[in-house]
Amino acid sequence: MAEKQRIDITHLSHGYSLDNDDLPVLDDINLTIEPQEFVVILGPSGCGKSTLLRMIAGLEQPLNGSIQANGQEISEADPSRVVVFQDPTLYPWLTVWDNVNLGFKIRKEKNDHAVQLMLELIGLNSFKNAYPRQLSGGMAQRVALARALVNDPGILILDEPLGKLDSLTRITMQKELVHLWQQRKFTAIMVTHDIEEALLLATRIIVMRHRPAHIIGEFRLNMDYPRHRDSEELIKIRKDIFHLLGHQSDW
Ligand SMILES: Nc1ncnc2c1ncn2[C@@H]1O[C@H](COP(=O)(O)OP(=O)(O)OP(=O)(O)O)[C@@H](O)[C@H]1O
């Protein structure tokens, strides 16, 4: 199993150049994510959440500041940090089994037992010979999660992975995600626009504001799963998040 990762983000700032103007995006982000936490980042559209995730994944370097995994500066992508995007990005010419098995194949390894176990865990064993076009959106996203998790990443980076699913499938997938996280004990960092989703999944919620983005608050949720939307504790945290955001119109 991959070593579980602790992420240390220190004084991280970033920006882009747009039409010769500087576009500051992230401003002095300081955040530590402990191994096996489930951290959810909430923030308005365009504030820089995906940019931050790309940096944790090593797909982009910050202009200033530091970002480390277990004390080592993150300078490039690494198989121990896996990203799952909003779109499942499965290979259409590969079956479900071959999509999940891809990492092993690339590394010239064979671990059919792990692939089988993963397919059972996501409830798609009977679809192992199906092609992506034969799957529903929720099933395809489960395959993408299986493909990410079969290689036992130290950290799973989730960029709105349930954003395009209908609300019923989304509720099922939220439960599955918690189940997988409890079983496989990876560190999870996820971006969502959905406050309810954050409340149901996170061990910690980070709230960001933008132009440029900075952290304006965080909430620890020491509650068991499954959680109930109308529990007193969640109602209180939901209220506090709305209060913090001040009912921003650009959410
Ligand atoms: N490669 C790039 N070049 C220039 N600007 C970029 C680039 N990538 C992102 N941006 C800009 O950076 C800002 C943050 O983008 P990002 O995708 O990180 O936001 P986000 O919070 O994830 O948004 P959303 O919630 O809508 O997905 C946006 O203003 C975007 O236009």
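Which residue in β4 stands opposite isoleucine 7? I open with that small question because it leads straight into the first of two sheets, and the answer is alanine 69. Before going on, please keep in mind that what we are looking at is a predicted model.

Let me stay with that pair of strands for a moment. β1 and β4, the latter covering residues 64-69, pair in the antiparallel sense, and five bridges hold the register between them. They belong to an open sheet of four strands whose order is β2-β1-β4-β5, with antiparallel pairing. At the edges of this sheet stand β2 and β5, the latter being residues 72-73, and each of the two has a single partner strand, so one side of each is left without a neighbour in the sheet. As a general reminder, strands of a sheet pair through backbone hydrogen bonds, either parallel or antiparallel. Across β1, β2 and β4 lies the helix α1, which runs at about 60° to β2.

That brings me to the ligand, where some of these elements return. The residues around the ligand are Tyr16, Leu18, Leu23 and Val25, then Gly43, and then the run Ser45, Gly46, Cys47, Gly48, Lys49, Ser50 and Thr51. The elements that give two or more residues to this shell are β1, residues 7-18, β2, residues 21-33, and α1, residues 49-57. Which of the elements gives the largest share of the shell? It is α1, with three residues. If we sort the shell by class, we find five nonpolar residues, six polar residues and one charged residue.

Now to the second sheet, which is built on another pattern of pairing. It is an open sheet of six strands in the order β6-β7-β8-β3-β9-β10, and here the pairing is mixed. Its edge strands are β6 and β10, each of which pairs on one side only. On average, and with direction ignored, neighbouring strands of this sheet are turned by 20° against each other.

Within that sheet I would like to dwell on β7. Strand β6, residues 81-84, pairs with β7 in the parallel sense over four bridges, and in that pairing arginine 81 stands opposite isoleucine 155. Five bridges join β7 to β8, residues 187-192, and these two strands also run parallel; isoleucine 155 stands opposite threonine 187 in β8. Continuing along the order, β3, residues 38-42, pairs with β8 in the parallel sense over five bridges, and the partner of isoleucine 41 in β8 is valine 191.

Is β7 mostly covered or mostly open? It is mostly covered, since five of its five residues are buried. Both of its faces are covered, with Ile155, Ile157 and Asp159 buried on one side, and Leu156 and Leu158 buried on the other.

Let me turn to some backbone details that those of you who set up calculations may want to look at. The peptide bond from tyrosine 225 to proline 226 is cis, with omega near -10°, and proline 226 has its place in the loop between β10, residues 214-220, and α7, residues 232-245. There are also two residues other than glycine to mention for a positive phi. Lysine 108 has phi near 55° and lies in the loop between α2, residues 96-106, and α3, residues 112-121; it counts as exposed because it has 6 C-beta neighbours inside 10 Å, where the limit for exposed is 12 or fewer. Aspartate 152 has phi near 50° and lies in the loop between α4, residues 137-149, and β7, residues 155-159. With 18 C-beta neighbours inside 10 Å, aspartate 152 counts as partly exposed, because a residue is called buried at 20 or more.

One further position is aspartate 240, found in helix α7. Aspartate 240 is partly exposed, with 14 other C-beta atoms within 10 Å. Its C-alpha atom is separated by 9.8 Å from that of glycine 217, although the two residues are 23 apart along the chain.

Finally, a word on annotation. UniProt, in an unreviewed entry, places the feature "domain: ABC transporter" at residues 7-235. Over residues 7-235 the chain is 31% helix and 29% strand, and the end C-alpha atoms are 29 Å apart.

Notes:
Residues numbered from 1 in each chain as written. Predicted model: local features only at pLDDT ≥ 70, side-chain atom pairs only at ≥ 80, totals over all residues. Near = placed C-beta within 6 Å. Nonpolar A, V, L, I, M, F, W, Y, C, P; charged D, E, K, R; others polar. Pairing = 2+ DSSP bridges. Contact = placed C-beta atoms within 7 Å. Axes fitted to C-alpha atoms, helices over the stretch in contact; angles between N-to-C directions. UniProt positions renumbered as here; feature names shortened; annotations may be inferred.
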